[in-house]
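Colleague: I would like to learn how to read pockets, surface patches and unusual backbone angles in a model. Could we go through them in turn?

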Amino acid sequence: MAKSKFEYVKQFEAEDKCLPNCWIVIRVDGKSFHRFADVHHFVKPNDDRGLNLMTRAAQCVMDEYKDVVLCYGQSDEYSFVFKKNTNVFNRRGSKIMSNVVSLFTSSYVFYWPRYFNTQSMQYPPAFDGRVVLYPGDKNLRDYLAWRQADCHINNLYNTCFWKLVQERGLTPAQSQEKLKGTLSSDKNELLFNDFSLNYNNLPEMYRKGTVIIHQKEKELDANSMSPLERSPRNSVSFSFQGDYIPRTRVQILHSDIISEKFWTEHPQILDGVKK
């Protein structure tokens, strides 16, 4: 940048460098997505097209930023975990957040036709973002457990809510009143007794959300991959000329990240910063 007498204005820029030796988490969240989902006729309570599109956008972020060791998404949100010792953008919080949010949003729009086919986008979606720092591994795991618990609570409620509306003819207000004050056990009983639905038989993507991690390509078993993973354009860089260059393979999971088993099976997530 050329020197000039006006350069003093740089002194007004706030210093927002993230603390060292902390996990940096960027959470991207849809803005007014209830309205966006209604306008675009999303299937309630879960729309596979919308969920898979969110995951495709998250993959683009993970492919671009190799210091992201894990992504977790549910509904209209995704969290991106940068390793503790990352120096991306010199650890400037606003720079990291703005780049992640902008790439996620542009990828969501770019890949929309692939998932919604002939349904055109009626207006551009917006996503907000926040930066949170977690000093310890337990703090990070508790954060991810919180988001997955939120996924379960919301999905169980929404499954009951829309069953009452769509199959029992209740109004949204009546459905809300019927579910008011109910426990998880009450909702499970309602689904089983009134709709012959065992909640545990619903797809894990709905109940547990989506986890994306880096995986060495030679370690991947094609039979265990999801259809999205087996796509020839999965986890690749793209250009607007349509040229696709393979880069890093990622693995899409719908796992229980609250239990110890997940972390035992994937120790590289937390141990990678030590190598």
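Modeller: We take the pocket, then the backbone, then a surface patch, bearing in mind that this is a predicted model.

Colleague: How much space lies in the largest pocket?

Modeller: Rolling a probe the size of a water molecule over the atoms shows where empty space is left. Here the largest pocket holds about 780 Å³ of space. Its lining consists of 34 residues, and those closest to the centre are His34, Pro45, Ser75, Asp76 and Asn158.

Colleague: Which element gives the most to the lining of the largest pocket?

Modeller: Helix 4 does, with 7 residues. At least two lining residues come from each of helix 1 (33-39), helix 2 (48-64), strand 2 (68-74), helix 4 (137-168) and helix 7 (204-208).

Colleague: How do the residues of that lining divide into nonpolar, polar and charged?

Modeller: There are 15 nonpolar and 15 polar residues in the lining of the largest pocket, along with 4 charged ones.

Colleague: Now the backbone. Is the peptide bond from Lys44 to Pro45 cis or trans?

Modeller: Most residues other than glycine have a negative phi, and most peptide bonds are trans. The bond from Lys44 to Pro45 is cis, with omega near 5 degrees. Pro45 sits in the loop between helix 1 and helix 2, and Pro45 is also among the residues closest to the centre of the largest pocket.

Colleague: What is the sign of phi at Ser75 and at Phe89?

Modeller: Positive in both cases. Ser75, which is not a glycine, has a phi of about 55 degrees, and Phe89 has a phi near 50 degrees. Ser75 belongs to the loop between strand 2 and strand 3 (77-82), while Phe89 is in the loop between strand 3 and helix 3 (93-116). Ser75 is another of the residues closest to the centre of the largest pocket.

Colleague: Why do Ser75 and Phe89 count as partly exposed?

Modeller: Partly exposed covers the range between the buried limit, under 20% relative accessible area, and the exposed limit, over 50%. Ser75 has 49% and Phe89 has 29%, so each is partly exposed.

Colleague: Last, the surface. Which residues make the nonpolar patch?

Modeller: Tyr8, Val9 and Phe12 make a nonpolar surface patch of about 370 Å². Phe12 lies in the segment before strand 1 (23-30).

Colleague: Is Phe12 buried or exposed?

Modeller: Phe12 counts as exposed because its relative accessibility is 69%.

Technical notes. Residues are numbered from 1 along each chain as its sequence is written. This is a predicted model: local features need pLDDT of at least 70, side-chain atom pairs count only at pLDDT 80 or more; totals for chains, interfaces and linings use all residues. Side-chain values use heavy atoms; hydrogens and water are left out. On a 1 Å grid over the protein atoms alone, a cavity is a set of points where a 1.4 Å probe fits but cannot get out, and a pocket is an open set with protein on both sides within 12 Å along at least five of seven lines; lining residues have an atom within 4 Å of a point. Grid points are joined across faces, edges and corners, and a volume is the space filled by probe spheres set on the points. Helices (H or I, at least four residues) and strands (E, at least two) are DSSP runs, numbered from the N terminus. Ala, Val, Leu, Ile, Met, Phe, Trp, Tyr, Cys and Pro count as nonpolar, Asp, Glu, Lys and Arg as charged, and the others, Gly among them, as polar. Patches are made of residues with over 30% relative accessible area and no salt bridge: like charges are joined within 9 Å, nonpolar side chains (Val, Leu, Ile, Met, Phe, Trp, Tyr) within 5 Å. Accessible areas come from the Shrake-Rupley method with a 1.4 Å probe; for residues, only the protein chains shown count as cover. A salt bridge is a side-chain nitrogen of Lys or Arg within 4 Å of a carboxyl oxygen of Asp or Glu. Buried means under 20% relative accessible area, exposed over 50%, partly exposed in between (1.4 Å probe, protein chains only).
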